[in-house]
Amino acid sequence: MADNEDTVRKRLYWHSRRGMWELDLLLVPFLEDRYDSLSPEDQVRYRELIAAEDQDLFVWLMRREWPEDADLRRIVKMIVEHAEAIDRRRHQTL
């Protein structure tokens, strides 16, 4: 069982690394920090999200547009809020 979870985690990490710096900075920390604490439904939403095209992810995660699908919009907002929280914590420590 642990081997299967490890394989799933590695696949998620691989698919979260998009090769586009802006996306990597948002997706990978969210995966590492928050994915395990998400509800099973939100974990499914995350997996659906990372199946999207890079250009769609970029537009959504840069808050230029929101996904039409409410479930994807929910997980995108969670990722953006996570990134903003990390940024606030960094500035508070300066």
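**View 1. Helices α2 and α4 are roughly perpendicular to each other.** This is a predicted model, and the close-up is centred on the place where the two helices pack. Their angle is about 70 degrees, and because angles from 65 to 115 degrees count as roughly perpendicular, the pair gets that label. The axes of α2 and α4 are 10 Å apart, and the crossing is left-handed. On the α2 side, the contact is made by E22, L23, L26 and L27; their partners in α4 are D54, L57, F58 and L61. Sort those contact residues by type and you get 6 nonpolar, 2 charged and no polar ones.

**View 2. Here is helix α2 from end to end, residues 21-34.** Its 14 residues take the helix 20 Å from the first C-alpha to the last, close to the 20 Å expected at 1.5 Å a residue. Look for the buried positions along the way: L23, D24, L26, L27, V28, F30 and L31. Note that an aspartate, D24, is on that buried list. Three of the buried residues, L23, L26 and L27, also turn up in the contact with α4.

**View 3. Helix α4 covers residues 54-61, and this one picks out its buried side chains.** L57, F58, W60 and L61 are the buried residues here. Of these, L57, F58 and L61 are among the residues that meet α2.

**View 4. Just past α4, R63 takes a positive phi.** The value is near 60 degrees, and R63 is not a glycine. R63 belongs to the loop that runs between α4 and α5, the latter spanning residues 70-92. Setting aside anything within four places in sequence, R63 is in contact with V80 and E84. As a ruler for the view, R63 and R73 are 10 residues apart along the sequence, and their C-alpha atoms are 11 Å apart in space.

**View 5. S16 in helix α1 has a relative accessibility of 0%.** Helix α1 runs over residues 2-16, and S16 is part of it. Buried means under 20% relative accessible area, so S16 counts as buried. What does S16 touch, not counting residues up to four places away in sequence? The list is D24, L27, V28, L31, Y46 and I50. D24, L27, V28 and L31 from that list are themselves buried in α2.

**View 6. The close-up moves to Q43, a residue of helix α3.** Helix α3 spans residues 40-49. Is Q43 buried or exposed? Its relative accessibility is 18%, so Q43 counts as buried. Beyond its neighbours within four places in sequence, Q43 is in contact with Y35, D36 and L38. Q43 and L31 are 12 residues apart in sequence, with 9.8 Å between their C-alpha atoms.

**View 7. R47 is another residue found in helix α3.** This arginine counts as partly exposed, at 36% relative accessibility. R47 touches L12 and Y35, leaving out residues up to four places away in sequence. Y35 is also in contact with Q43, so keep the previous view handy. For scale, the C-alpha atoms of R47 and P67 are separated by 15 Å, and the two residues are 20 apart along the chain.

**View 8. The last close-up goes back to α2, this time for D33.** D33 has a relative accessible area of 48%, which makes it partly exposed. Its contacts, not counting residues up to four places away in sequence, are H82 and I86. From D33 to A51 the C-alpha atoms are separated by 20 Å, and the pair is 18 residues apart along the chain.

Key:
Residues numbered from 1 in each chain as written. Predicted model: local features only at pLDDT ≥ 70, side-chain atom pairs only at ≥ 80, totals over all residues. Heavy atoms only, no water. Helix = DSSP H or I, 4+ residues; strand = E, 2+ residues; numbered from the N terminus. Expected span 1.5 Å × (residues − 1). Buried < 20%, exposed > 50% of the residue type's maximum accessible area, 1.4 Å probe, protein only. Axes fitted to C-alpha atoms, helices over the stretch in contact; angles between N-to-C directions. Parallel < 35°, antiparallel > 145°, perpendicular 65-115°, else oblique. Left-handed = near helix turned anticlockwise from the far one by under 90°. Contact = heavy atoms within 4.5 Å. Nonpolar A, V, L, I, M, F, W, Y, C, P; charged D, E, K, R; others polar.
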